[in-house]
Amino acid sequence: MVPAATLTVIFIFLDRSPLSEPLWAAGADMHSLFYNFIINPKAQPGDQWCKIRGQVDQKTFLFYNCVNAKAKSISILGGKIDSTKTWEEQTETLRDLGNMLKQELLDIKLENCAATAPAILWANLTCHGRAGEPPSGSWELGFNGQILFHIESNKRKWTEVNPGSSCIKKKWEKNRELTQFLYRTSTDDCGSWFEEFMEHWKEILETRESCISSPPSPGCCCCCLTPRIETCSRRDC
């Protein structure tokens, strides 16, 4: 039988959790690059203690397995970028983020926040904006299904959403190594990934619109944004 904690992680990861829907994503000219982390430092031996999902405009293009430290590309976008240097840099940063967040979660239990120490960490890294413009970066952090605080990285502003998070928030704000890493990954790193991925994403969207506006033809796999489809129909788009 799978342990209850593991069942919770699997359910949250596959379903749309409260933390996995960018609230600001609106308007055809706005785009987003989004990474959802789910970390369970007490996972049973052999189970995945961390999973990461990457999305562009809420379309999944990446799954990352923290156990084997490998990122799996899916969708046409993933296929276009998984051999680039940016993909390699992204994979390394996701690995480092997973390890750091896991350690921070374990450290909470050793200090004064032990009474409110969470079992499972949810974290969302997001950068969003218009194509061709510098994006804005942010983090959302929560435990066991609740959003605790939001970080506006460009403004270095931490907003407490749940009053019960004050102990953890104060501890992490004082951790200069952690805060600088969170700021850098959500502005510099995520921003550079956003700019490169948007170039490929724009091409995909333009090709898709061309397929939708014209009769389907052999090789028109762009309608579904799914590779290796020889034909497609309008209802598949």
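# Close-up views of a predicted model

**View 1. Thr93 and its contacts in helix 3.** Thr93 is buried, at a relative accessible area of 12%. That value falls under the 20% cut-off, so Thr93 counts as buried. The model shown here is predicted. Thr93 belongs to helix 3, which covers residues 85-108. Which residues does Thr93 touch, once neighbours within four places in sequence are set aside? They are Thr185, Asp189 and Trp193.

**View 2. The whole chain, for orientation.** Five helices and eight strands make up the secondary structure of the chain. In sequence order the pattern runs α-β-β-β-β-α-α-β-β-β-β-α-α. The chain has 237 residues, and 45% of them are buried. Take the contacts in the chain with a separation of 6 or more: 53% of them come from residues 24 or more positions apart. The chain exposes about 12,200 Å². Carbon and sulfur atoms supply 51% of that area.

**View 3. The disulfide between Cys50 and Cys66.** A disulfide is a covalent bond between the sulfur atoms of two cysteines. The model has two disulfides. In one of them, the sulfur atoms of Cys50 and Cys66 are 2.2 Å apart. Cys50 lies in strand 2, while Cys66 lies in the loop between strand 3 and strand 4 (70-73), so the pair ties together parts that are 16 residues apart in sequence. Are these cysteines buried or exposed? Cys50 is buried, at 0% relative accessibility. Cys66 is buried as well, at 11%.

**View 4. The disulfide between Cys127 and Cys190.** Here Cys127 is joined to Cys190, with an S to S distance of 2.2 Å. Cys127 sits in strand 5 (residues 121-129) and Cys190 in helix 5, so this disulfide ties together parts that are 63 residues apart in sequence. What is the hand of this disulfide? The torsion about the S-S bond is about -75 degrees, so the disulfide is left-handed. Cys127 is buried, with a relative accessible area of 0%. Cys190 is buried too, also at 0% relative accessibility.

**View 5. The turn from strand 2 to strand 3.** Asp57 is in the loop between strand 2 (50-56) and strand 3 (59-65). Gln58 is found in this loop too. Look at the backbone of each residue. Asp57 is not a glycine, yet its phi is positive, about 50 degrees. Gln58 is not a glycine either, and its phi is positive at about 65 degrees. How accessible are the two residues? Asp57 is partly exposed, at 23% relative accessibility. Gln58 is partly exposed as well, with a relative accessible area of 31%.

**View 6. The Phe61 and Phe197 ring pair.** The structure holds eight aromatic pairs. One of them is formed by Phe61 and Phe197. Their ring centres are 5.6 Å apart, with 70 degrees between the planes. Planes over 60 degrees apart count as edge-to-face, so this pair is edge-to-face. Phe61 lies in strand 3 and Phe197 in helix 5 (residues 176-213), so the pair ties together parts that are 136 residues apart in sequence. Both Phe61 and Phe197 are buried.

**View 7. The aromatic cluster.** Which residues do ring pairs link into a cluster with Phe61 and Phe197? The other members are Tyr35, Trp87 and Trp193. Trp193 has already appeared in the first view, as a contact of Thr93.

**View 8. Lys102 over the ring of Trp49.** The close-up shows a charge and a ring. The charged end of Lys102 sits over the ring of Trp49. Its distance from the ring centre is 4.4 Å.

**View 9. The buried face of helix 4.** Helix 4 spans residues 166-173. Which of its residues are buried? They are Ile168, Lys169, Lys171 and Trp172. How are they placed around the helix axis? Seen down that axis, the buried residues of helix 4 fall within an arc of 165 degrees, so they line one face of the helix.

Key
Residues are numbered from 1 along each chain as its sequence is written. This is a predicted model: local features need pLDDT of at least 70, side-chain atom pairs count only at pLDDT 80 or more; totals for chains, interfaces and linings use all residues. Side-chain values use heavy atoms; hydrogens and water are left out. Buried means under 20% relative accessible area, exposed over 50%, partly exposed in between (1.4 Å probe, protein chains only). Helices (H or I, at least four residues) and strands (E, at least two) are DSSP runs, numbered from the N terminus. The arc is that of the directions from the helix axis to the C-beta atoms. Rings of Phe, Tyr and Trp (its six-membered ring) pair if their centres lie within 6.5 Å; planes under 30 degrees apart count as stacked, over 60 as edge-to-face and the rest as tilted. A charge sits over a ring if NZ of Lys or CZ of Arg is within 6 Å of the ring centre and within 35 degrees of the ring normal. Contact means heavy atoms within 4.5 Å. Accessible areas come from the Shrake-Rupley method with a 1.4 Å probe; for residues, only the protein chains shown count as cover. A disulfide is a pair of cysteine sulfur atoms within 2.5 Å.
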